[in-house]
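Student: Could you take a close look at one part of this chain for me, the larger-scale strand arrangement, and then connect it to whatever else is worth seeing? I'd like one long walk-through rather than a list.

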Amino acid sequence: MDKKIIVAIDGFSSSGKSTMAKALARHTGYIYVDSGAMYRAVTLYGMRKGVVSKENGVDAEALCALLPEIDITFVKDAAGNQRTIMNGEDVEHEIRDLEVSELVSPVAEIHGVRQYLVEMQQGYGKERGIVMDGRDIGTTVFPDAEMKVFVEASAEIRAHRRLKEMLEEGNHATYEEVLHNIMERDRIDSTRKESPLRKAEDAITFYNNEVPIEEQMMVLIKIFNERVKG
Ligand code: CDP
């Protein structure tokens, strides 16, 4: 019988990794976890409590003290799309807006936040049979994942993709704002001290410059089938 594995998909912001992760989870029947949504939910909670803001930055100590109050779960809506639930409230729309995007990388640099969320993420993967996407899944969360993918695409392609998604969801922004945000998050995410964004040595690199998802899926499924056979 095929064994259950862990699939770690990491990469830069809006590289298309979540589209790939969701499609692979659907194909395999595996659980899908969007680790970025968890950092976004913590950011939103901190904003609402006044400890994370554009004006004053992040009060790391105050935010860490609030972490035990934040419950994050995922549910599927009628169309089969995953939605992020924070303390019982559907925050899927709100966590994607530009204000959260502008504050999330500084929040994700905080040791206490990472420790709290990494532990939660490792809990989801206890039984394996999971696809998780993020920045440090193949390096820190599941260094023993059987399948690791690292997704790259140019900043311009990523900004166009993110802008389209945001406008479709009714979140407003300009191309310049989105491009600036993506480049700034790339910088913070890849230079931070703890678990910086980097390709795991045993990850396969995927250059996602406008390759149709069907083609990507063919490659991913082939690799997946090899890995479950061990
Ligand atoms: O959707 P997008 O790729 O733009 O970002 P995301 O996956 O929603 O992640 C938002 C932010 O959370 C990233 O820019 C990182 O700062 C942080 N993050 C992280 O530090 N580690 C992860 N495993 C996932 C996200």
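Tutor: Let's fix one term before we start: two strands count as paired if DSSP finds at least two bridges between them. Keep in mind as well that this is a predicted model.

With that in hand, look at the open sheet of 5 strands, which runs in the order β2-β8-β1-β9-β10 with parallel pairing. At its edges sit β2 (31–34) and β10 (204–207), each of which pairs on one side only. Going from one strand to the next, the twist averages 20 degrees. If you want to zoom in on the β2 end, β2 and β8 (residues 130–134) are joined in the parallel sense over 4 bridges. There you'll find V33 standing opposite M132 in β8.

Now for the other sheet on our tour, which is open too but is built from 3 strands, in the order β5-β6-β7, and its pairing is antiparallel. Here β5 (72–76) and β7 (89–90) are at the edges with a single partner strand each, so one side of each has no neighbour in the sheet. β5 and β6 pair over 5 bridges in the antiparallel sense, and F74 has T84 of β6 as its bridge partner. These two strands, β5 and β6, make a hairpin with 5 residues between them. If you're checking backbone torsions, pick out G80 in that turn, with its positive phi of about 85 degrees. On the other flank, strand β6 (residues 82–86) pairs with β7 over 2 bridges, again antiparallel. One pair to click on there is I85 with its bridge partner D90 in β7.

Time for some helices. Helix α7 (residues 155–168) packs with helix α8 (residues 175–191) at an angle of about 120 degrees, and their axes are 9 Å apart. Angles from 65 to 115 degrees would count as roughly perpendicular and those over 145 as roughly antiparallel, so α7 and α8 come out as oblique to each other. Their crossing is right-handed. On the α7 side the contact includes A155, L163 and M166, while α8 contributes, among others, Y175, L179 and I182. Sorted by type, the residues of the α7 and α8 contact come to 9 nonpolar, 1 polar and 5 charged.

Finally, zoom out. The chain has 9 helices and 10 strands. Its radius of gyration is 17 Å, close to the 17 Å the globule rule gives for 230 residues, so the chain is as compact as a globular protein of that length. Along the principal axes, the C-alpha trace spans about 50 × 40 × 35 Å.

Notes
Residues are numbered from 1 along each chain as its sequence is written. This is a predicted model: local features need pLDDT of at least 70, side-chain atom pairs count only at pLDDT 80 or more; totals for chains, interfaces and linings use all residues. Side-chain values use heavy atoms; hydrogens and water are left out. Axes are lines fitted to C-alpha atoms, for helices over the stretch in contact, and angles run from 0 to 180 degrees between N-to-C directions. Angles under 35 degrees count as roughly parallel, over 145 as roughly antiparallel, 65 to 115 as roughly perpendicular and the rest as oblique. A crossing is left-handed if the near helix is turned anticlockwise from the far one by less than a right angle, and right-handed if clockwise. Contact means heavy atoms within 4.5 Å. Ala, Val, Leu, Ile, Met, Phe, Trp, Tyr, Cys and Pro count as nonpolar, Asp, Glu, Lys and Arg as charged, and the others, Gly among them, as polar. The radius of gyration is taken over C-alpha atoms; the globule rule is 2.2 Å times the number of residues to the power 0.38.
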